[in-house]
Amino acid sequence: MADPLVSIIEEDASRVIAAVNLRDLEGKSILITGASGLTGIHLLACLRELSRLSPVPARVTAVVQSNLSSAFKEISDFKGARVVMGDLTDLEFASRLGRFDFIVHAAGYGQPGRFMEDPVKTLKLNTSTTLNLFECLAAAGRFLFLSTSEVYSGLPNPPYREDQIGATNTTHPRSCYIEAKRCGEAICNAYRARGFEASSARLSLAYGPGTKPGDRRVLNAFIERGLTQMKIALQDTGNAKRTYCYVSDAVEVLWHILLRGKRPIYNVAGNSRTTIAELARKIGAKLGVPVGFPTDSKELGGAPEDVYLDMSLVETDFQKVRYVGLDEGLARTIEWQKFLYLPALETPR
């Protein structure tokens, strides 16, 4: 019997396959780092779907570090796929991966609480590892580096365009992540100057099915608290503004960039604009649990007041105009997390 979690991701993969022509991947070698993360598992699910439709499957190498879920194991089990476990900051390990026609470097935590735990590793994953992975790229290959909207930190007056950059110092609480991503983008641009097809995707607030238990990103943490504690308690007033991107929209755009992107940098974001407080209330209403606000705020260091990206380049280059709405995206994410936390739900309180 198929894992119900897999069915949720398969539905999203089918949505992406219908929107993007992946036939250029047939028979090609593809490397995906961070393959067990939210973005990585959805990229793999698309390749799994492609393997069912194509007479010439792609040769897929999925790099993971640890903690493989049953859903990931099923999604990564298809013709032409292999899973390799190892630490990409070990440059010797990375150099043994092979040669690839397409590389998507998605390794690293997108959770502030996680990428700030080990700043040195965060720096390595986006800098020395990125340099090393370019040595694995075939001469006529294409490289996609997953950057972040955090590079706009300190910039006023959103929405932010790709020709803009933030103004934070290297002493910023999140500098390990921000500066590492900026450097990764610079590496891609240096290889573009050598004639390589390389682009950076400034991914912003992707969410949806595919996360692991204990994910610390705000949206996922709210759902977990609502399911396991029967209430959602915020750490601050929730006035910060966010624009969320459902994962199938993000992955659709990432495939477009990898296969046909002509520009050095693309924003990858959604159009579901909300405040943290409004998000909490919406999730609370869907779960039927109360939402509480503190008298004293305890904000996570360096969190931006507003995250909002200009998507004009993506809309122009790839005709991306339709996005999954926040209500639908939250419903699917809650469905996923109900399966994740089912043991906790079955435990008497």
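How many bridges join strand β1 to β2, and in which sense do the two strands run? Strand β1 (residues 29-33) is joined to β2 by 5 bridges, and the two run parallel. Helices (H or I, at least four residues) and strands (E, at least two) are DSSP runs, numbered from the N terminus, and two strands pair if DSSP finds at least two bridges between them.

The structure is a predicted model, in which local features need pLDDT of at least 70 and side-chain atom pairs count only at pLDDT 80 or more, while totals for chains, interfaces and linings use all residues. Residues are numbered from 1 along each chain as its sequence is written, and side-chain values use heavy atoms, with hydrogens and water left out.

## The seven-stranded sheet

Strands β1 and β2 belong to an open sheet of 7 strands in the order β3-β2-β1-β4-β5-β6-β10, with parallel pairing. Its edge strands are β3 (81-85) and β10 (265-268), each of which pairs on one side only. On average, neighbouring strands of this sheet are turned by 20° against each other, direction ignored; angles run from 0 to 180 degrees between N-to-C directions, and axes are lines fitted to C-alpha atoms, for helices over the stretch in contact.

Strands of a sheet pair through backbone hydrogen bonds, either parallel or antiparallel. The table lists pairings within this sheet, each with one residue pair.

| Strand pair | Bridges and sense | Residue pair |
|---|---|---|
| β1 and β2 | 5 bridges, parallel | Thr33 opposite Val63 |
| β1 and β4 | 4 bridges, parallel | Ile30 with Phe102 |
| β4 and β5 | 5 bridges, parallel | Ile103 with Phe143 |
| β5 and β6 | 7 bridges, parallel | Phe145 with Ser200 |

Strand β4 spans residues 100-105, and strand β6 covers residues 197-203. Burial is pronounced in two strands of the sheet: in β2 (residues 59-64), 5 of the 6 residues are buried, so β2 is largely enclosed by the rest of the structure. In β5 (residues 137-148), 10 of the 12 residues are buried, so this strand too is largely enclosed by the rest of the structure. Here buried means under 20% relative accessible area, exposed over 50%, and partly exposed in between (1.4 Å probe, protein chains only).

Helix α10 (residues 247-260) packs on the sheet and touches β4, β5, β6 and β10. The direction of α10 makes about 145° with that of β5. Contact means heavy atoms within 4.5 Å.

## The three-stranded sheet

A further open sheet has 3 strands in the order β7-β9-β11, with mixed pairing. The edge strands are β7 (206-207) and β11 (272-275), each pairing on one side only. Strand β9 (residues 241-246) is joined to β7 by 2 bridges, and these strands run parallel. Tyr207 has Tyr246 in β9 as its bridge partner.

## Helix α1 and its packing on α13

Two packed helices are described by the angle between their axes and the distance between the axes. Helix α1 (residues 4-19) packs with helix α13 (residues 326-340) at an angle of about 155°, with the axes 9 Å apart. The two are therefore roughly antiparallel to each other; angles under 35 degrees count as roughly parallel, over 145 as roughly antiparallel, 65 to 115 as roughly perpendicular and the rest as oblique. The crossing of α1 past α13 is left-handed, where left-handed describes a near helix turned anticlockwise from the far one by less than a right angle, and right-handed a clockwise turn.

From α1, Pro4, Leu5, Ile8, Ile9, Glu11, Asp12 and Arg15 meet Glu328, Arg332, Glu335, Trp336, Phe339 and Leu340 of α13. The residues of this contact divide into 7 nonpolar, no polar and 6 charged. Ala, Val, Leu, Ile, Met, Phe, Trp, Tyr, Cys and Pro count as nonpolar, Asp, Glu, Lys and Arg as charged, and the others, Gly among them, as polar.

Val16 also lies in α1 and is buried, with a relative accessible area of 2%. Leaving aside residues up to four places away in sequence, Val16 touches Cys46, Ser248, Val251, Glu252 and Trp255.

## Helices α9 and α11

The axes of α9 and helix α11 (residues 276-287) come within 10 Å and cross at roughly 35°, in a right-handed crossing. Val218, Leu219, Phe222, Ile223, Gly226 and Leu227 of α9 make the contact with Ile276, Leu279, Ala280, Ile283 and Leu287 of α11. These contact residues divide into 10 nonpolar, 1 polar and no charged.

Within α9 (residues 218-228), the buried residues include Leu219, Phe222, Ile223, Gly226 and Leu227. Just after α9, Met230 takes a positive phi of about 60°.
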